[in-house]
Amino acid sequence: MAEVATLFNDDWEFQRSGQTGWSNVHLPHDAMQVEGRREDALAGTHGGFYLGGMYKYRKTWQVPTSLESKVVALSFDGVYRHSRVLVNGTDVGGCLAGWTKFEIRVDSYLKLGERNTIEVHADNSEQPNARWYTGAGIHRSVHLMVRNHNLLRKDGIRLATLSASGLALLTFEVLLDNEKKDDVEVSLELSRGGRNAIQWRTKTKTSELKQNFEISNPDLWSVETPNLYDCTVVINGDLYKFKYGLRTLQLKPGHGFLVNGQAVNLRGGCIHADNGILGAASFKAAELRRVSIMKKNGFNAIRMSHHPCSEVLLQACDEVGMYVMDEFADYWYEAKSKYDDSNTFNERWEYEVASLVERARNHPSVVMYSLGNEVTEPKTAYGHTIAKKLLDLTHKLDPSRPKTIAVNLMLAVMTYSKIPPGDPNTPPADNKGGLEDMLSSSFFNIIFSVLLPIMRYIPKFNHTNVVTNRLYSYMDVAGYNYGDIRYPLDAKLHPSRMMLGTETCPPDLPKIWANVEKIPNLIGDFMWTGWDYLGEVGIGVHDYEASRFTPVKLYKPWPHIVGGCGALDITGVPNASAFVAQACWKILSQPVIAVRPLDISNSYYKATPWRNSDAIEGWGWKGCEGQKAYIEVITQEEETELFLNGRSLGRASSNQANRYTARFSTAYEPGELLAVAYSGGQERSRSTLRSANVASVKIANEKSGELVADRQDLAYLELQLADQDGNIEMNDDDTLTVEVHGDATLAALGSAYYRNLDYFDGNVHRTWRGRALAVIRSGSRSGDVVVTVSSARHGSSSITMKQRAR
């Protein structure tokens, strides 16, 4: 019995508007990376200066005669944006939104036994249409769905764990279109490690089937123990297979957020959809890597900002163990960008919320829904109506998970009212919103960076409580964007309110986390951001061109490309923000020695609210001998002593008041830094950092096993300018050329340089701080794959990987 869903990603062709030829591609594919960047790009700073465009994809498919009388559909996990699907020239449907999963039935348009043409058109030409880099085209996977019948309703297979104390109680629902009350055979099998937990079969004449099961000695799912069961559901011969995790969720005032009955504080990081140098293409291998690196750096939760997750990202979070806040949208009916889709909100929101829930429902990693980000609509009575409708529909579809809206408290103070004006049933006359009155998320970012001390204090005024109390009353969890100053106040004013920092500045985490540990109803924090992203350029990058008499420049000019506020950069390398977070969370086992880059450390700069340190790990600064070095030692211990080549540079406090950072300065000299951390007068841990000797090109293959020849697997190769002991030279960057031999391709090559002019889809790129990253995409045949990396001044290196048939 074949599965209903089959991956449909191979052997497509791609064409940009204005071109006559077609190029061969395999999905997922980010068309925006092909467009490239230009200083006068209409997307501007928000889109990372990437160009928009219109695109066509087509696939020639020999349709077998065995599909006669079958129900055939195409399922798209996301096409950005305004997509249309054509079968043999006939338009059969599409989707406005770029991150919404949609399915289109196509069997009546197919020619059995013949070659058929599937086309997908995507229009991303109108710019800007978002506040960050979106990518474009078929950036997520496509599946061919072949069913024997059309009985199963949308979102028709539903599992939920009702309890997990001793015995696990699982409820299983199947929703059918069965008006004729025909006999429908349904079976469920749940197994793990060869052991069947459930093996059940029945027949029903109903449209809604519901059955509860008890599972003894269950292997529960959590971040710490991401145990998954193999789930197989068969409905009249149609086979569905997926992974499922048994876990319960509970919000309990005075105790917090409980997973399987245990209190959990969410150590969260917001992320955008792009995978750095891969652009917005969502590969499972890329998502597994990103989630794994975030978990290694102490995060236990991500907030997808500001749209629904991809299916493979949710699978990665299930498998690795990561809690997920899945988000509906950045805006409702008020525009935040000139060409966003706010004007069609009322006609599409119900479908898109249903799609969000359908994709997330059976994923144990999804523990919360967010129905909006920094929305200004609740300034009116109609906005409150929409907020409640969104929350109520989500609860109706999925009562098992809490819901929130991420409210920017500073914007709320400036736009909301105690009694919102207007008719609660009549939408406003226009949808210009923040574009008209400037009180938008982007405007907030600018004012926040310029007037930080004042803006940070504004939410403390009681007016904030007055204008948000009603909106928060609709939610299971009150979402606070940049309102952490209110936590102690609201904990007293609203003792039953569950609170969550849905978006905060990483430099504020030491104070925030102290509140999380003290206030049971404050269930965690999501920093902006856990992983850096393309677009919204420079909001976390120090302004090295600032003068003492001018405000910090928030959005940086061309050729800036990244936001610059990630605790991990776009290649996955952690910086000071990541290490301070680990110290806050008390999981930093030894001190981390970070150094302000010596090539710019003497420059005057101004920091933005999203990043207060540009320090990175590395003591290899060729040509900087004698220059003043600024060293930051990050530790969860009370104080630190630092040694350079055996000489003590003194002791400094590294407590919470100092953001867990001990600061030192000295004249740079090659050799070894040694940090010794103390608490209670006793040494607790130590670490070293060494300069590089003669550096050459080194290749570090992150993949432990073989490449799978499925055209979907990826191998990440970290390219380093390092000595024989792995010490990286930070100040002697070089141009690298990468060649791939064998049945594989170079999917991307790049670095985390924030002013990057090199493209990520070529095979030549310059290192930054001694590093670059190459991503190798598997082919379809087994054999050896040889990757050679050559440089202008640091020699060359090669690596051989095995590729096996799937």
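1. Strands here are DSSP runs of at least two residues and helices are runs of at least four, numbered from the N terminus. With that in hand, P128 sits in the loop that links β9 (115–123) and β10 (142–147). Take a look at the bond leading into P128: the Q127 to P128 peptide is cis, with omega near -5°. Bear in mind that this is a predicted model.

2. There is another cis bond to check, from L27 to P28, where omega is near 0°. P28 belongs to the loop between β3 (23–25) and α1 (31–35).

3. On the overall layout, the domain assignment splits the chain into domain 1 (3–145), domain 2 (151–246), domain 3 (283–439 + 458–531), domain 4 (578–688) and domain 5 (694–802). Note that domain 3 is given as two segments.

4. Now the pairing of domain 1 with domain 5. Their C-alpha centres are 29 Å apart. Domain 1 brings 13 residues to the contact and domain 5 brings eight. Together the two domains bury about 750 Å², and carbon and sulfur atoms account for 37% of that area. On the domain 1 side, H26, Q33 and R37 provide 51% of what this domain buries against domain 5, more than any other three residues.

5. What about charges and polar groups across this interface? The rule picks up two salt bridges between domain 1 and domain 5. As for individual pairs, D10 makes a salt bridge with R711, with 3.6 Å between the closest N and O atoms. Polar contacts between domain 1 and domain 5 come to seven residue pairs, both partners being at pLDDT 80 or more. The domain 1 residues that touch domain 5 break down as five nonpolar, five polar and three charged.

6. I'd also look at the backbone of S69, which has a positive phi of about 70° without being a glycine. You'll find S69 in the loop between β4 (54–62) and β5 (71–76). Is S69 buried or exposed? The S69 value is 68% relative accessibility, so this residue counts as exposed, the cut-off being over 50%.

7. N645 deserves a similar look: this residue is not a glycine either, and its phi is positive, near 50°. N645 is in the loop between β31 (639–644) and β32 (647–653). Its relative accessibility is 34%, so N645 counts as partly exposed.

Key. Residues are numbered from 1 along each chain as its sequence is written. This is a predicted model: local features need pLDDT of at least 70, side-chain atom pairs count only at pLDDT 80 or more; totals for chains, interfaces and linings use all residues. Side-chain values use heavy atoms; hydrogens and water are left out. Domain bounds come from an automatic or database domain assignment. Contact means heavy atoms within 4.5 Å. Buried area is the accessible area (1.4 Å probe) that two parts lose on being put together, summed over both. A salt bridge is a side-chain nitrogen of Lys or Arg within 4 Å of a carboxyl oxygen of Asp or Glu. A polar contact is a pair of N or O atoms within 3.5 Å; within protein, one must be able to donate a hydrogen and the other to accept it, and residues adjacent in sequence count only if both atoms are side-chain atoms. Ala, Val, Leu, Ile, Met, Phe, Trp, Tyr, Cys and Pro count as nonpolar, Asp, Glu, Lys and Arg as charged, and the others, Gly among them, as polar. Buried means under 20% relative accessible area, exposed over 50%, partly exposed in between (1.4 Å probe, protein chains only).
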